[in-house]
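Here are some notes for a colleague who is opening this structure for the first time. Please keep the model in view while reading the points below.

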Amino acid sequence: MDFLGKALWYIETHFEGELTLDDVSRSCGLSKFHLTRAFGSCYGISVIHYVRMRRLSEAAKRLARGDAGILDVALQFGYGSHEAFTRAFKAQFGVTPEAIQKAGSTDAIKLMEALKMNETLPADAVEPRMTDRPAILLVGLRRRYGEEASAQIPAQWQEFQPFIGHIRFQSGSAAYGVLCHSDQAGHIDYFSAVEVSNYEKDGSGLEVLRLAPQTYAVFRHSGHVSEIRQTWKAIFGKWLPASHVKLADAPQFEFYGETFNPQTGYGEMEIWIPVA
């Protein structure tokens with residue numbers, strides 16, 4: 001079973017009790033650093049948010065079936081009181097547990113079903129080239145995301161697009177989507193940026209990020225940019241379990257080369273994974 005498959009299996013078999021990012025990380029053999037980034041990139045949702053949604057979804061099913069009372073269900077799924085469970089339930093679904101219990105159905109709410117690794121992964125994505133890259137100086141737009149980052153990242157790129165080609169000291173037209181600074185709660189920074197040879201603060205609101213010299217496994221993505229999540233899944237679902245390569249705790253990034261066309265979504269795209 002691959003790393004993310006192990007993480008999903010562990011969540012499914014333990015979400016009724018206390019479950020932390022440390023627990024899931026240990027279960028699959030990925031550091032919290034890489035688990036947070038891999039899970040979010042592959043599934044568009046943080047590990048902790050997924051755990052919470054699965055827990056509440058299964059609780060909703062049990063309430064609808066009339067298996068137990070609300071307090072019993074709340075305690076079974078790790079909530080210390082009826083009130084705490086009701087707050088979390090209403091925040092997630094927009095209705096109270098009582099409403100689902102009374103209706104005897106979950107048709108009115110959107111449940112989170114168990115995720116699965118996609119079994120049809122792109123074969124060419126799992127043959128990386130290894131490269132040593134000197135320090136990279138980037139300037140761009142940084143946003144911090146939590147629950148469902150992938151839904152908001154395209155809007156961030158649209159906001160950054162007018163800056164490309166108009167940033168002082170910009171080197172070429174390639175763009176970088178950098179994942180960095182993750183935390184225990186599953187929050188992560190996404191940095192839409194271009195490479196520069198120098199940096200001077202200009203009041204544009206853009207920020208600077210320096211990536212230290214690093215060895216990377218570089219994976220080519222074929223197809224449309226909207227399908228890049230499949231390449232992330234191939235990396236962590238096929239390549240990493242078979243490679244025995246040790247990952248480095250350093251930023252990962254998507255590279256959009258000179259031939260990438262943001263209007264069509266096609267062109268040169270790569271995923272750079274730092275390795276020890």
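1. A point on the cysteines comes first. In this predicted model, the count of disulfides comes to 0, where a disulfide is taken as a pair of cysteine sulfur atoms within 2.5 Å. As background, a disulfide is a covalent bond that joins the sulfur atoms of two cysteines.

2. Two of the cysteines can be placed by their accessibility. Cys28 has a relative accessibility of 2% and therefore counts as buried, and Cys180, with a relative accessibility of 2%, counts as buried as well, because buried means under 20% relative accessible area.

3. Cys180 also appears among the neighbours of Pro251, a residue placed in the loop between helix H9 (228-243) and strand S7 (252-256). Leaving aside residues up to four places away in sequence, Pro251 touches Phe33, Arg37, Val178, Leu179, Cys180, Leu211, Tyr216 and Pro274. With these contacts in mind, is Pro251 buried or partly exposed? Its relative accessibility is 23%, so Pro251 counts as partly exposed.

4. For orientation along the chain, Pro251 and Gly5 are separated by 246 residues in sequence, while their C-alpha atoms lie 23 Å apart in space.

5. The last point concerns helix H1 (residues 3-14) and helix H3 (residues 32-43), whose axes come within 11 Å and cross at roughly 90°. H1 and H3 are therefore roughly perpendicular to each other. On the H1 side the contact is made by Leu4, Ala7 and Leu8, and on the H3 side by Leu35, Ala38, Phe39, Cys42 and Tyr43. By residue class, the contact of H1 with H3 divides into 8 nonpolar residues, no polar and no charged.

Technical notes. Residues numbered from 1 in each chain as written. Predicted model: local features only at pLDDT ≥ 70, side-chain atom pairs only at ≥ 80, totals over all residues. Heavy atoms only, no water. Axes fitted to C-alpha atoms, helices over the stretch in contact; angles between N-to-C directions. Helix = DSSP H or I, 4+ residues; strand = E, 2+ residues; numbered from the N terminus. Parallel < 35°, antiparallel > 145°, perpendicular 65-115°, else oblique. Contact = heavy atoms within 4.5 Å. Nonpolar A, V, L, I, M, F, W, Y, C, P; charged D, E, K, R; others polar. Buried < 20%, exposed > 50% of the residue type's maximum accessible area, 1.4 Å probe, protein only.
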